[in-house]
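Okay, thanks everyone for coming. I've got one structure to walk through today, so have a look at the screen and then I'll talk you through it.

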Amino acid sequence: MAPAVLPTNAATRSTSGLSLRMADVPLANGAMSFNRVCREWRCKYTGDKSDSESLEAISKVVDEYLPTIKGVSKGATVNRLVCGGCLDFKLMTTVPLDDFGPWEEKGFAPEAEFLEKIKAIDGVSQVETQTITNMEI
């Protein structure tokens, strides 16, 4: 029997000396796939983006937690999005698929602490989270 052919973009991991490969998860009848998952934390802020006190306070919380957030996975990427038109602030942490489950089991730490801190900021509202795939194409 011939060995299984795996996609060239499959992730490799080692367990007890055995080499295992996990293929990307297919979507849309195979037209798309993913191997990275994002946890998004978002809220609305008040004021003009150039001098918003609530946005400045959010930035200080991000600075406080950024080392911990980046430490959730060796492959973590963190993106900050700010919309001056609709007053959206978003922090998106994307991790390899293999690291997502363990992070989820830990409650996406430090998510609860981070969200409590931004909820306490005057002018911050609509604090929400979302899990979504996030692939660079």
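I'll start with the overall layout, then go to the first helix, the aromatic rings and the core, and finish with some backbone oddities.

So, first thing to say: this is a predicted model. The protein chain has three helices and eight strands. If you read the elements off from the N terminus, you get β-β-β-β-β-α-β-β-α-α-β. There are 137 residues in the chain, and 27% of them count as buried. Of the contacts with a separation of 6 or more, 62% are between residues 24 or more positions apart. The chain exposes about 8,700 Å², and 53% of that comes from carbon and sulfur atoms.

Okay, helix 1. That's residues 53–70, so 18 residues, and at 1.5 Å a residue you'd expect a span of 26 Å; the end C-alpha atoms sit 25 Å apart, which agrees. There is a kink in it, though. Where does the kink lie in helix 1? At glutamate 64, with an angle of about 40°, shortly before proline 67.

Which residues of this helix are buried? Ser54, Leu55, Ile58, Val61, Val62, Tyr65 and Ile69. As a reminder, an α-helix has 3.6 residues a turn, so residues three or four places apart point the same way. Keep that in mind when you look down that list. As for what covers these buried residues, the cover includes strand 5 (36–44), strand 6 (77–83), strand 7 (88–96) and helix 3 (111–119).

Not everything on helix 1 is tucked away: glutamate 53 is in this helix too, and at 68% relative accessibility glutamate 53 counts as exposed. Its C-alpha atom is 8.5 Å from the C-alpha of aspartate 122, and those two residues are 69 residues apart along the chain.

Now the rings. How many aromatic pairs does a search of the whole structure find? Four. Let me pick out the one between tyrosine 65 and phenylalanine 114: the ring centres are 6.0 Å apart and the planes are at 80°, so this pair is edge-to-face. Tyrosine 65 is on helix 1 and phenylalanine 114 is on helix 3, so the pair ties together parts that are 49 residues apart in sequence. Stacked up against solvent, buried or exposed? Both tyrosine 65 and phenylalanine 114 are buried.

Another pair is tryptophan 103 with phenylalanine 108: here the centres are 5.2 Å apart and the planes are at 90°, so that's edge-to-face as well. Tryptophan 103 is buried, at 4% relative accessible area, and phenylalanine 108 is buried at 7%.

Going back to tyrosine 65 for a second: Tyr65 and Phe114 form one aromatic cluster together with Trp41. That brings us to tryptophan 41. Leaving aside neighbours within four places in sequence, tryptophan 41 has a long list of contacts, among them Ile69, Phe89, Leu91, Trp103, Phe108, Pro110 and Phe114.

On to the core. In soluble globular proteins, nonpolar side chains tend to be buried together. Here, the largest nonpolar core has 22 residues. Which residues have the most contacts inside it? Trp41, Ile58, Phe89, Leu91, Phe114 and Ile118. Strand 5, helix 1, strand 7, helix 2 (97–105) and helix 3 each put in at least two residues, and helix 1 gives the most, with six.

Last bit, the backbone. Most residues other than glycine have a negative phi, and most peptide bonds are trans. With that in mind, there are a few spots to check. Alanine 109 and proline 110 are joined by a cis peptide bond, with omega about 10°. Proline 110 is in the loop between helix 2 and helix 3. Phenylalanine 108, the ring partner of tryptophan 103, is in the loop between helix 2 and helix 3 too, and its phi is positive, near 60°.

The other positive phi I want to show is at asparagine 29, near 55°. Asparagine 29 is in the loop between strand 3 (25–27) and strand 4 (32–34). Whereas phenylalanine 108 is buried, asparagine 29 is exposed, with a relative accessible area of 87%.

That's what I had, so let's take questions.

Conventions. Residues numbered from 1 in each chain as written. Predicted model: local features only at pLDDT ≥ 70, side-chain atom pairs only at ≥ 80, totals over all residues. Heavy atoms only, no water. Helix = DSSP H or I, 4+ residues; strand = E, 2+ residues; numbered from the N terminus. Expected span 1.5 Å × (residues − 1). Bend = angle between axes of the 7 residues up to and from the residue. Buried < 20%, exposed > 50% of the residue type's maximum accessible area, 1.4 Å probe, protein only. Contact = heavy atoms within 4.5 Å. Phe/Tyr/Trp six-rings, centres within 6.5 Å; stacked < 30°, edge-to-face > 60°. Core = buried A, V, L, I, M, F, W, Y, C linked by side-chain atoms within 4.5 Å. Areas by Shrake-Rupley, 256 points an atom, 1.4 Å probe, with all protein chains shown as cover.
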